Structures are given as C-alpha cells and as structure tokens.
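Visitor: I'd like to learn how to read a protein structure. Could you walk me through one?

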Amino acid sequence: MRCSPSSVLNLLRMVRLRSCSRRGRNRLPQWLRKIWAYVRLLVQSLCFNALTDSDVVFDSIFEPVFWTVDYVTRWFGLVFVCLVVILTSSIVVIAYIVLLPLVLNTYSPPWIAWHICYGHWNLIMIAFHYYKAAKTSPGYPPTEKNDRPFVSVCKKCIMPKPARTHHCGICNRCILKMDHHCPWLNNCVGHFNHRYFFSFCLFMTLGCVYCSISGRNLFLDAYNALERFKHLDLEKPGIPVTGMGLLIGLLPSGQVLTQQQNTMIGLSQGVVPFFICWVINMCFFFCFGKNDFATPAPSYTFKERMIHKSIIYMWVLTSTVGVALGALTVWHAVLISRGETSIDRHINKKERQRLAAWGKVYRNPFNYGKLNNWKVFFGVEKRSHWVTRVLLPSGHPPHGDGLTWDIFPVRKDLIPV
C-alpha cells in the first residue's frame, strides 16, 4: 500500500492534536502553576550572574518570609498606631483624674507649678512630633527624567536611586535617606520626618522617666494598699457560701454567711431538687430579711481600689516603655552623632571590612563631626534655633533636599553657629 505525503502529514496532525488535548486535561490548577513558577524563579535567581554572593542567596531563599512580614506589617500599621494612641491617652487620663488632685492637695505651690508646666510641655511635644512623624512624607526620589546624580538603579522600582536612598518593601517605593520602616508610625522614617521620629522618641522617653520617678512612692503606697485589702477580705467573719448557693445567685462569690444561715442554704448541696432549694432559700430570705444576708461593709470602696490599680498600671507601663524606648533613643542618638542612619551603619560596616582587607581605612562620607551632625539633623542655623526648633514644636524642613549631599568630611562648620 502506497502512502502519500499528504496522508502522513494528516496522521501526524491527528496525533499532535490528541496529545495536546490529553495534556490539557492533565494540567495543574492555575494557582499551583503560579506557585511552581515562583519557586522556579527563586531557584534560578540563585545563579543569575557571576556576582552572586551569600546575601543574594539568603534574600532569594527567604523572599517568601520577607513578603509575609511586609504584608502583615503593612496591614497592621493602623493597629499599632491605635495602640500607641490608646496607651498614651490612658496615661493622660490617669494623670488628670488621679494624680492631679493628689498633687494639688499635697505638694507646695512651687512643686505644683513645676509639675503642671513640665507635664503639659512634655505632652505637647509628644503629641506634636508623633503626629508629624506619622503624617509627614519621608521623601521620595523623582519619577520623571532629570539631571540629578544617582548612585544605582532600584531593582524593584527600576528607577535611579540617589545616595542614601533605599527601597522599602512595606511602602513599596524608594525612600530618601531611609532609616527604617516604623510600624508604630505606620510610616517610613526618611529624610523629611527623621527629626520628628527622633524627637518623639526622646520626649516620650523623658515623659515615661518623669512619670516613673515622680510616681514611685505612689506606686509603692498603692501596691501596699492592695495587699492590705486582700488581707481584709481573707479576715472577714463567717463561712463562704459554696455549691448551689452560689449557683442560685443568692450571694455573689466571696460573700459569707453565719453558721446558722449556711446550714439552711446547705440543703442545696444534697439530693433536694433544684426548685425546692430555690423555694427554701427564698423563704429564708424573706423571713430573715435582706440585711441578715449582707456581709459587713468593707473598709475600702471600689473607687479606692480602682485608683490604686490605675497608679500601678501607670507606673508599670511608663517604666517598661521608658527602658525600651530609652535604649532605642540612645542608639539613634549614637547614629546621628556619627552621621549615619540604621541602613548607613550596615553599609559602612561592610565597606570598612572590605577596605580593611586591602589595607585601607574607610571614612563615612556623610560624617561632618558630632556637633555639625546635630546641627544638620535639627536644622539649627543660629543660636536661638536650639530653643525654637529643638525645645519647642517646629515644622521647619530639614537641611538639604535629600537628593544630593556634601560627600567629603569637612572641619569647618556647615552651619556656623
């Protein structure tokens, strides 16, 4: 039998169509194919060029973890902000309702004036700098074409990056002079709000230390008072009502009755049906009267207990926050003195190690000396600015535009003051 070329071609087409249809039926779901493609991309990225190092491998392997952390932090930012507002407001409410009356009744007029003036000044500085740090844009590099110098190209934005600019995975864009992304602000800390962030940390630490030191004796008195209240509760006369008596609701938990009254109510713990116990107890209640069941009035009130608990809560919270936030503030103060951000320190450390292997010494190009670094950071241009721009609320812009920097250390003052 002779086969024509056309018949062979038709046969091959039929086989191909049948194999394609069979392959289409065995396809994986789209979401699984996406995950598989993503995993393949991660594996292939481990050897994408000859410059691959341990950092690239680490970033590729832990990319899903980083993405999860960025996603959770982005969506929980508002929760952290609300938590800061609620905790700070609770301390302010306790200060006005509980502490202020004590101060007015026990302290001398000079001490009253000191506490009122310092407390309100500190509160204003905390509220102002927190609001500005959370609402002020950290600064972004321009997206349109320009002649500004840049040092690299962002791998995610595919845009030129000026010096000290880094990409934030949570904000999903590049930030000028980025320090870090702060979840408590729900915002990045960058060139235009770095001063507000540090000032907020500083004044919040001062406020916590102030409350912790000035409230130490009140905390000890409140703690001893609550311990005394507990001993008074344990020393009440009578036998505690247990079993069905509590279930019926005749008395709240912890109240006590006399021996005779407890014997009558004790029938509820036997085999007597529940409704019979209820009838007996109600008859007993109406026969003896309500006053016979009431325990003696405590020597303290609910208001006193809440006041003591509020003082303990305030002291524990402010002491804990003062220690934790104080350590963070000191760390950032050290970085500012060196002319660095948190990311700059990491980069400078790697550069020092790299040049040390060549027998060279690396110098931070953005370090202008400790005093000059603080002047540039706070925007101090004359002596009065140490008061008007540091010790008082000020919304002045920072020094420079965040796009270009003086990259050589100088001995003279950048801002002569």
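Guide: Let's begin with the naming: helices (H or I, at least four residues) and strands (E, at least two) are DSSP runs, numbered from the N terminus. This is a predicted model, where local features need pLDDT of at least 70 and side-chain atom pairs count only at pLDDT 80 or more, while totals for chains, interfaces and linings use all residues. Residues are numbered from 1 along each chain as its sequence is written, and side-chain values use heavy atoms, with hydrogens and water left out.

Visitor: So how many helices and strands does the protein have?

Guide: There are 14 helices and eight strands. To practise with the names, find T165: this residue sits in the loop that links β2 (160–161) to β3 (166–168).

Visitor: Is T165 buried or exposed?

Guide: Buried means under 20% relative accessible area, exposed over 50%, and partly exposed in between (1.4 Å probe, protein chains only). T165 has a relative accessible area of 3%, so it is buried. Across the protein, buried residues make up 32% of the 417 residues.

Visitor: Which residues is T165 in contact with?

Guide: Contact means heavy atoms within 4.5 Å. If you leave aside neighbours within four places in sequence, T165 touches P141, C174, I175, L176 and K177. For the whole protein, take the contacts with a separation of 6 or more: 65% of them are between residues 24 or more positions apart.

Visitor: C174 is a cysteine. How many disulfides are there?

Guide: A disulfide is a covalent bond between the sulfur atoms of two cysteines. Here the rule is a pair of cysteine sulfur atoms within 2.5 Å, and the count comes to zero. C171 is in no disulfide, and its nearest cysteine sulfur, that of C188, is 3.6 Å away. C174 is in none either, with the sulfur of C154 nearest at 3.5 Å. As for exposure, C171 counts as partly exposed at 28% relative accessibility, whereas C174 is buried at 4%.

Visitor: Now a helix, please. How do I read α5?

Guide: Start with its length. The expected span of a helix is 1.5 Å times one less than its number of residues. Helix α5 (residues 109–135) has 27 residues and reaches 39 Å from first C-alpha to last, close to the 39 Å expected. Next, look at which side chains hide. An α-helix has 3.6 residues a turn, so residues three or four places apart point the same way. The buried residues in α5 include I112, H115, Y118, N122, M125 and H129. Among the elements covering the buried residues of α5 are α4 (63–106), β6 (187–189), α6 (194–214) and α14 (385–391).

Visitor: How does α4 pack against α5?

Guide: Two packed helices are described by the angle between their axes and the distance between the axes. Axes are lines fitted to C-alpha atoms, for helices over the stretch in contact, and angles run from 0 to 180 degrees between N-to-C directions. For α4 and α5 the angle is about 170 degrees, with the axes 12 Å apart. That makes the pair roughly antiparallel; the classes are under 35 degrees for roughly parallel, over 145 for roughly antiparallel, 65 to 115 for roughly perpendicular, and oblique for the rest.

Visitor: Which residues meet there?

Guide: From α4 come V81, V84, V92, Y96, L100, V103 and L104, and from α5 come I112, I116, H120, L123 and Y130. By class they are eleven nonpolar, one polar and no charged. Ala, Val, Leu, Ile, Met, Phe, Trp, Tyr, Cys and Pro count as nonpolar, Asp, Glu, Lys and Arg as charged, and the others, Gly among them, as polar.

Visitor: And what angle does α6 make with α13?

Guide: Helix α6 packs with α13 (residues 370–378) at about 105 degrees, their axes 9 Å apart, which makes them roughly perpendicular. H194, R195, F198 and S199 of α6 meet W374, F377 and F378 of α13. That contact has four nonpolar, two polar and one charged residues.

Visitor: How many residues of α6 are buried?

Guide: 15 of its 21 residues are, so α6 is largely enclosed by the rest of the structure. One residue to pick out in α6 is F197, which is buried with a relative accessible area of 3%. Beyond its neighbours within four places, F197 touches A133, H180, C182, L185, V189, L328 and H332.
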